[in-house]
Amino acid sequence: MENAMSDQDPWGKPGQQGGQQPGQNNNGGNGWQNQDRSRNEQSPPDLEQIFSNLLKKLGGNKNGNANHNGNGGNIKFGKLLPIAAVIGVAIWGLSGLYTIKEAERGVVMRFGELHSIVQPGLNWKPTFIDRVIPVNVEQVKELRTQGAMLTQDENMVKVEMTVQYRVQDPAKYLFSVTNPDDSLNQATDSALRYVIGHMPMDDILTTGRSVVRENTWRSLEEIIQPYDMGLNIIDVNFQSARPPEEVKAAFDDAIKAQEDEQRYIREAEAYAREREPIARGEAQRMIEQATAYKDQVVLDAQGEVERFTRLLPEFRVAPEVMRERLYIQTLEKVMANTPKVMLDSHNGNNLTVLPLEQILQGKALKNDELSSRENSSQASNPPQLKGSSSQSDAKQTSSSSSIEQRNTTRQGRFN
């Protein structure tokens with residue numbers, strides 16, 4: 001009895017000893033099953049169960065042992081799949097982070113089509129969807145072109161020029177033309193050949209370098225404008241221009257002659273700037289002297305008029321006396337300016353005229369001859385001349401006094 005009771009299933013499952021026979025109702029067992037079913041219907045579906053059922057359908061196992069083993073593997077795989085999915089999404093999101101440098105701009109391509117342009121800093125893009133191309137917009141690039149070119153006067157000249165530029169629009173720089181750097185190089189060569197072909201060789205080698213630079217810059221901008229390459233020309237430098245080696249010596253001489261010409265012109269301008277103020281000062285001095293002389297002559301004339309006006313009443317009283325007086329005064333003025341000395345011999349009427357000018361000239365010639373022989377005589381000659389001149393002045397003064405005495409005597413007689 002006890003063994004029967006120990007072998008009996010406490011849940012009363014059919015098919016076991018001591019349990020309920022098939023066909024009997026077990027209200028207790030059915031009640032638990034019904035409660036489990038109601039709970040399963042009310043709870044949300046289990047993800048692991050869903051994945052396991054999906055794997056069962058995809059696996060196609062046939063026997064029970066295989067199904068039992070497959071169910072264990074499917075349960076493990078179903079637990080790891082969401083974790084792997086979360087890790088994959090995290091890796092995909094982190095892989096989209098990228099940085100654009102300060103001097104760059106990022107061109108975003110979404111499925112191969114231009115989408116936007118991003119600014120410097122930390123940015124994010126969906127991996128496998130967007131592609132970012134960084135373009136440096138602050139770097140100044142240099143392009144060099146050179147070659148032998150034909151001038152307007154059908155001469156050959158070797159020219160070298162450099163162009164400095166940078167990217168202005170990254171999108172146009174990448175997609176307007178296939179190779180913008182090569183296109184700019186060809187445009188520069190075309191513009192330079194056009195400018196050189198419209199100028200003579202002498203101007204290119206000497207004074208027309210700035211003209212070549214400006215014309216090439218303008219022509220280059222006109223050529224690249226229709227292509228819209230997104231480039232900005234910063235500067236164009238005309239490096240060198242050389243003639244062919246066969247005529248290089250002749251052109252060097254020509255350049256040297258032109259440099260000498262410019263040097264002489266600068267020296268002449270400097271001399272003109274130096275002499276011009278002096279000449280202006282001399283001209284101003286002469287003008288002032290002429291003005292002073294004019295004023296002096298006018299004042300003297302006015303004084304003479306005033307003097308004659310005052311002498312007019314006396315002249316009307318004694319015209320002969322006044323006439324002789326004026327004559328004598330005029331002779332005094334004339335004789336004072338002549339290098340002659342008049343001597344009165346004992347108050348007589350005979351006058352002795354000494355040719356003082358010839359005497360002085362003879363003494364000067366004699367002094368010149370003596371100065372070439374003796375240096376001491378040259379120093380002693382000026383005092384003699386000075387003494388002679390003072391003696392002549394004294395003689396003139398004595399003659400003037402004698403003339404005044406005679407005039408006084410005559411005036412007394414007339415009175």
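This is a short talk on one protein model, covering its strands, a surface patch and some salt bridges.

Hi everyone, and thanks for coming. Please keep in mind that what you see is a predicted model.

Let's begin with strand β2, residues 104–110. How many of its seven residues are buried? Five of them are, so β2 is mostly covered, taking buried to mean under 20% relative accessible area. This strand has neighbours to pair with. With strand β5, residues 130–136, β2 pairs in the antiparallel sense over seven bridges. With strand β3, residues 113–118, β2 also runs antiparallel, joined by five bridges. If you want a landmark, find V107: opposite it stands I133 in β5, and I117 in β3 is opposite V107 too.

Now follow the chain from β2 into β3. These strands form a hairpin with two residues between them, and there F111 takes a positive phi near 55°.

F111 comes up again on the surface. It belongs to a nonpolar patch together with W92, L94, L97, L122, W124, F128 and I129, and the accessible area of the patch is about 960 Å². Which elements each supply at least two residues of this patch? They are α4, residues 64–95, and β4, residues 121–124. Take L122, which sits in strand β4. Is L122 buried or exposed? L122 counts as exposed because its relative accessibility is 64%, and the cut-off is over 50%.

Next, charges. Side chains of opposite charge can pair when their charged atoms come close. There are 13 salt bridges in this structure, and I'd like to show you three pairs.

For the first pair, go to helix α6, residues 180–196, where R193 and D189 lie four residues apart, about one turn of the helix. Their closest N and O atoms are 3.0 Å apart.

Helix α9, residues 248–317, holds another pair: R285 and E282 are three residues apart, again about one turn. Here the closest N and O atoms are 2.7 Å apart.

The last pair is D235 with R213, with 2.9 Å between the closest N and O atoms. This salt bridge links distant parts of the chain, 22 residues apart: D235 is in strand β8, and R213 is in helix α8. Why does D235 count as buried? Its relative accessible area is 19%, and buried means under 20%. Its partner R213, at 27%, counts as partly exposed.

Before we stop, look for E142, R144 and E160, which are linked in a network of salt bridges. Thanks for listening!

Technical notes:
Residues are numbered from 1 along each chain as its sequence is written. This is a predicted model: local features need pLDDT of at least 70, side-chain atom pairs count only at pLDDT 80 or more; totals for chains, interfaces and linings use all residues. Side-chain values use heavy atoms; hydrogens and water are left out. Patches are made of residues with over 30% relative accessible area and no salt bridge: like charges are joined within 9 Å, nonpolar side chains (Val, Leu, Ile, Met, Phe, Trp, Tyr) within 5 Å. Accessible areas come from the Shrake-Rupley method with a 1.4 Å probe; for residues, only the protein chains shown count as cover. A salt bridge is a side-chain nitrogen of Lys or Arg within 4 Å of a carboxyl oxygen of Asp or Glu. Buried means under 20% relative accessible area, exposed over 50%, partly exposed in between (1.4 Å probe, protein chains only). Two strands pair if DSSP finds at least two bridges between them.
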